[in-house]
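Visitor: I would like a close look at a single part of this model, explained slowly enough for someone in a first year of study. Please begin with one pair of helices and then move outward from there.

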Amino acid sequence: MKIITRFPPSPTGYFHIGSARTALFNYLFAAHEGGEMKLRFEDTDTTRNKKEFEEDILAGLAWLGIPYTQASPLRQSERTDTYRAHLKALIESGAAFEAEPSAADPDTPIIRFKNPKKSVSFTDLVRGEVTFETADLGDFVIAKNLDEPLYNLAVVIDDHHEEVTHVLRGEDHISNTPRQILLLEALGFSRPQYAHIPLILAPDRSKLSKRHGAVSVNEYRNEGFMPEALVNYLALLGWNPGTEQEIFSIEELVRAFRMEQVQKGGAIFDADKLRWFNHKHIMLLSDDEYARRLLHFAGSPPPDKAIPLLKERAHTLREAATLLESGEFYFLDNEISYEPSLLISGAKIDAETARRHLTRVGEMLDDIPEDSFDAERVKDAVFTYATEEGRGAVLWPLRVALSGKERSPDPFTIAGMIGKKRTLERVRNAGALLASDL
RNA sequence: GGCCCUAUCGUCUAACGGUUAGGACGUGAGCUUCUCAAGCUCAAAAUCGGGGUUCGAUUCCCCGUAGGGUCACCA
């Protein structure tokens, strides 16, 4: 039997991180079994739906790289005839009835389900046997009228028509399950397998919501997180591979995903760990691909030579853009300027000592042929001397001379990046500053 | 409050009756190239409580406790 799962968001809000994880689990489970996940929009609440939200969800799924097939029709609002037919049948068989208007809306009658008041149990794939007494539920409302079905009814009918075999959804739906089972039994449908996955929690263990910060997929996208990282992190929130592997591509997740390894308890969303995943996935990118993605955040492309440093230093694409704009690679410019006192301030040495070291270093660097002037050669040339004379005393002035900054990459790397000519220029220039100004 | 679910380091989790309770994030220390970052090494850090069952419980059962979900003419 082909496994069919579904992802049925209601377009009443932006694509939420919890929603994204539910979609991901549905996809991973179905794909692992060679099946498919069907997308449909649950838009029976016409007052709260927005086209904009539909588009956001679609864009989010595409960005994350979570594949799906579309249910047909895609929207519940396009299925009114089907619902009406089932509703009529339910009323005719006595399983449902038109009830008196309630206090909420005194003018209109509504349709309720005649509760058989029995015990319903189902086997949840992550929790095992769950039992409810449906008498507690009363004669619950299933439609406003023949043309306006409510959630529980619509879900049951849709899942049946789309031949859904497995319903994987958030734990918040567990209490809807007995209602839906009652309904599908009355309708004569077969019962799908259920699995209720734990919720994503805020740091205070409450349900993750807007007041805790970023919750929409788009916000993470805009903060410079990559889809690979978000997918990887979300998959590991509430699921584990049973091995110690942490970094996964989505293909690897499909291969490894098993329902038995899904956690029962809720999991707190940890933004720090997401950043770590993001950095790991950044390091996996080719320089070209990295530069391409960075373009969405930075006004102009980064200097080629800066890319490896950027990948290493910034955990998100936005951080990389900020670094770029804040002058992190100032040393790549043709001219640099800085306060001369900076040349000695970090190394507890006097100007004369600094000048002497720079002069000597300049001589050593001058001996390296221009065409093999790279970080490694520079280090080889200078390091023994620096160790003998005191690394701080030699390297600090050298680094400031090359970078013009209090904090920067190491001097060897910078020298390699700017080349022999500019390196020597800057070393001499720093020496001159020390001789005259200090 | 009723009903349902859950419970291992601060956090994400492994250990499906027998382990010095493992890994990862974060934190601290050290190392690496002077600063910053990255990397490496080390360290601190957990089985909610009480009863059972068992030769033996993180693991199975019961009772507490705590947390969460849900009780709409929302989904």
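Guide: What follows starts with two helices that pack together and then turns to other parts of the chain. Please keep in mind throughout that this is a predicted model.

The pair to look at is helix H14, which covers residues 351-366, and helix H15, which covers residues 375-389. Their axes come within 9 Å and cross at roughly 150 degrees, and because an angle over 145 degrees counts as roughly antiparallel, H14 and H15 are described as roughly antiparallel to each other. The crossing in which H14 passes H15 is right-handed. On the side of H14, the residues that take part in the contact are His 357, Arg 360, Val 361, Met 364 and Leu 365, while H15 contributes Val 378, Ala 381, Val 382, Tyr 385 and Glu 389. Sorted by class, this contact of H14 with H15 has 7 nonpolar residues, 1 polar residue and 2 charged residues.

If you step back along the chain from H14, you come to the loop that lies between helix H13 (342-345) and H14, and Lys 348 is found in that loop. Lys 348 has a phi near 50 degrees, a positive value in a residue other than glycine. With 11 other C-beta atoms within 10 Å, Lys 348 is exposed, because 12 or fewer such neighbours is the cut-off for that word.

A second lysine can be set beside it: Lys 117, in the loop between strand E5 (110-113) and strand E6 (119-124), also has a positive phi near 50 degrees. Lys 117 has 13 other C-beta atoms within 10 Å and is partly exposed.

For the wider setting, the domain assignment of chain A gives domain 1 (4-200), domain 2 (286-326) and domain 3 (342-437), and the C-alpha centres of domain 1 and domain 3 lie 68 Å apart.

Another helix, H5 (residues 177-187), is mostly covered, with 8 of its 11 residues buried; among them are Ile 181, Leu 182, Leu 183 and Ala 186, together with Arg 179 and Gln 180. Just after H5 comes Gly 188, which takes a positive phi of about 80 degrees.

A last backbone detail is found in strand E3 (residues 69-75), where Pro 73 has its place: the peptide bond that joins Ser 72 and Pro 73 is cis, with omega about 0 degrees.

How values were computed
Residues are numbered from 1 along each chain as its sequence is written. Chains are lettered from A and ligands numbered from 1 in the order in which they are written. This is a predicted model: local features need pLDDT of at least 70, side-chain atom pairs count only at pLDDT 80 or more; totals for chains, interfaces and linings use all residues. Helices (H or I, at least four residues) and strands (E, at least two) are DSSP runs, numbered from the N terminus. A residue is buried if 20 or more other C-beta atoms lie within 10 Å of its own, exposed if 12 or fewer, and partly exposed in between; C-beta atoms are placed from the backbone. Domain bounds come from an automatic or database domain assignment. Axes are lines fitted to C-alpha atoms, for helices over the stretch in contact, and angles run from 0 to 180 degrees between N-to-C directions. Angles under 35 degrees count as roughly parallel, over 145 as roughly antiparallel, 65 to 115 as roughly perpendicular and the rest as oblique. A crossing is left-handed if the near helix is turned anticlockwise from the far one by less than a right angle, and right-handed if clockwise. Two residues are in contact if their C-beta atoms, placed from the backbone, lie within 7 Å. Ala, Val, Leu, Ile, Met, Phe, Trp, Tyr, Cys and Pro count as nonpolar, Asp, Glu, Lys and Arg as charged, and the others, Gly among them, as polar.
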